[in-house]
Amino acid sequence: MLKALLIDLLPLEISKEDAKSRMLEAESLIHTYGGLVLLKTYQKKIAPIYKTYLGTGKLNELKEEGIKLGANILIINNELKPIQTYNISEMFRKANIQVWDRIDLILKIFQKHAKTKEALLEIELASLKHMGPRIYGMGMILSRQGGGIGGRGIGETNTEIMKRHIAEHIKKIEKNLEKSRNNRVLHRENRKRKNFFNIGLIGYTNAGKSSLLNALTKKDVYIADKLFATLDTKVGKLFLPNVSREVLITDTIGFIQDLPPDLIKSFQSTLDETIEADLLIHVIDLNDYRWEKKINTVNEILGNLHAISKPIIYVFNKTDLLPSDFDFNPIKEKYQRFHPCFVSTHTFNGLGQLKEIIKSYL
Ligand SMILES: Nc1nc2c(ncn2[C@@H]2O[C@H](COP(=O)(O)OP(=O)(O)OP(=O)(O)O)[C@@H](O)[C@H]2O)c(=O)[nH]1
Ligand SMILES: [Mg+2]
């Protein structure tokens, strides 16, 4: 079990509210993994320090606290350079405290939740890409210790072997993934030929995408109050009265802020399935006060995936949790061109209207 020290490096100008919501999300990622947060803190800085990302004073303080509290991991809620994570790990090694950055944490959650072979391959690829350079970084240090001036250190040779080994392994995974991608393309073409109408569910993690798939198609997809409950692709059939065309809905992995584009690309074959749809449904958790920010994050990622030009419906979910006098009008107006629709997958409120909107696209 993770007993974590959590630290976030924040820009000087960040608002209190944003700082708090970043911390909340990091905590819920740690809970999702099954960890406990023993201490949370932040440091404000114009720019990270090159060698250790965070200030060494702060790091030493954290180490002392960590030893006192019995922590076994330090989680930094930012994306670090491999060498930075490595340097901090060295500082914390004697205290038996591991070091992960935000990406490590997300990848570990993915790994824990993934079920299909394809999802596992995608995660392995992403991990290698994220970890790989860190291993070279370690090799570089070994080589500096082992080798004399101008000489070839043991570390250097090791680095080269490791580099080659990892590169070969990456190639193998990519080849395997290519195969499943081709398979998917065949399936998709088959569906197109049969004139199926495909809808892709997208949205921030925990917005209720799988719940919506279940509510609309009576599928029995795993739902959980966790981040990244879904990591692979599930397809359900939507029955619409008086419609002869077959409508399929695809559910996949959710998005989260600060995901490096490279990592997203590792999930290309899972995501393609959704993004290649005729219509996208963007599911939004309206009960989360950060909903508007989350819409922007999702749109940014869609932009990275070149999927921003598809027809999109905005489905605002979890309306059962809103106060009874909640005013939907400003949202309706602002997002008019996305056919905003207000639903609850728990009470099924608004799902009839959503089906009508879907019908208008057929
Ligand atoms: N109150 C309420 N809770 C909801 C509603 N829809 C979903 N939830 C809850 O929100 C949580 C996340 O739901 P999921 O359907 O797993 O969300 P998801 O978008 O598929 O999440 P990931 O797969 O983790 O990205 C679960 O605890 C659901 O029970 C709703 O309409 N009302
Ligand atoms: Mg899900």
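Me: In which sense do S5 and S8 pair, and over how many bridges?
Reply: In this predicted model, the register of the pair can be followed at Ile199, whose bridge partner in S8 is Leu279. S5 and S8 run in the parallel sense, and the number of bridges between them is five.

Me: Which residue of S7 is the bridge partner of Phe197?
Reply: Strand S5, residues 197-203, is joined to strand S7, residues 247-251, by four bridges, and the two strands run parallel. Within S7, the bridge partner of Phe197 is Val247.

Me: How many bridges join S8 to strand S9, and which residue of S9 is the bridge partner of Val283?
Reply: Strand S9 covers residues 312-317 and runs parallel to S8, with six bridges joining the two. The partner of Val283 in S9 is Val315.

Me: In what order do the six strands of the open sheet lie, and what is the pairing?
Reply: The six strands form an open sheet that reads S6-S7-S5-S8-S9-S10. Although S5 and S8 pair in the parallel sense, the pairing of the sheet as a whole is mixed.

Me: Why is one side of strand S6 and of strand S10 left without a neighbour in the sheet?
Reply: Strand S6 (234-238) and strand S10 (341-342) have one side free of any neighbour in the sheet because each stands at an edge, with a single partner strand.  In the order S6-S7-S5-S8-S9-S10, these strands stand at the two ends.

Me: At about what angle to S5 does helix H9 run?
Reply: Helix H9, made of residues 268-275, lies across both S5 and S7. The angle that H9 makes with S5 is about 120 degrees.

Me: Which strands does helix H10 touch, and what angle does its direction make with that of S8?
Reply: Helix H10, residues 291-304, packs on the sheet, where it touches S5 and strand S8 (279-285). The direction of H10 makes with that of S8 an angle of about 150 degrees.

Me: Why is S8 largely enclosed by the rest of the structure?
Reply: A residue counts as buried if 20 or more other C-beta atoms lie within 10 Å of its own. S8 is largely enclosed because, of its seven residues, the number that are buried is five.

Me: Which helix gives the largest share of the shell around ligand 1?
Reply: The shell holds 24 residues, and the closest are Gly208, Ser211, Asp225, Thr230 and Gly254. These 24 residues divide into seven nonpolar, twelve polar and five charged. The largest share, three residues, comes from residues 209-217, which form helix H7.

Me: Is Val221 buried or partly exposed?
Reply: Val221 sits in the loop between H7 and S6, and beyond its neighbours within four places in sequence its contacts are Ser210, Leu213, Asn214, Lys234 and Asp251. Because Val221 has 17 C-beta neighbours inside 10 Å, it counts as partly exposed.

Me: Which element gives the largest share of the side of domain 1 that touches domain 2?
Reply: The domain assignment places domain 1 at 3-110, domain 2 at 114-176 and domain 3 at 195-361. Seven residues of domain 1 are in contact with nine residues of domain 2, and on the domain 1 side the elements that give two or more residues are helix H3 (82-92) and helix H4 (102-113). That side divides into six nonpolar, one polar and no charged residues. The largest share of it, four residues, comes from H3.

Me: What separates the C-alpha atoms of Ile173 and Asn349 in space?
Reply: Ile173 lies in helix H6, residues 154-193, and, leaving aside neighbours within four places in sequence, is in contact with Leu121, Glu124 and Leu125. Ile173 and Asn349 are 176 residues apart along the chain, and the separation of their C-alpha atoms is 44 Å.

Me: Is Lys318 buried or exposed?
Reply: Lys318 is found in the loop between S9 and helix H11 (329-334), and has a positive phi of about 65 degrees although it is not a glycine. Most residues other than glycine have a negative phi. Because 22 other C-beta atoms lie within 10 Å of Lys318, this residue is buried.

How values were computed. Residues are numbered from 1 along each chain as its sequence is written. Chains are lettered from A and ligands numbered from 1 in the order in which they are written. This is a predicted model: local features need pLDDT of at least 70, side-chain atom pairs count only at pLDDT 80 or more; totals for chains, interfaces and linings use all residues. A residue is near a molecule or strand if its C-beta atom, placed from the backbone, lies within 6 Å of it. Ala, Val, Leu, Ile, Met, Phe, Trp, Tyr, Cys and Pro count as nonpolar, Asp, Glu, Lys and Arg as charged, and the others, Gly among them, as polar. Domain bounds come from an automatic or database domain assignment. Two residues are in contact if their C-beta atoms, placed from the backbone, lie within 7 Å. Two strands pair if DSSP finds at least two bridges between them. Axes are lines fitted to C-alpha atoms, for helices over the stretch in contact, and angles run from 0 to 180 degrees between N-to-C directions. A residue is buried if 20 or more other C-beta atoms lie within 10 Å of its own, exposed if 12 or fewer, and partly exposed in between; C-beta atoms are placed from the backbone.
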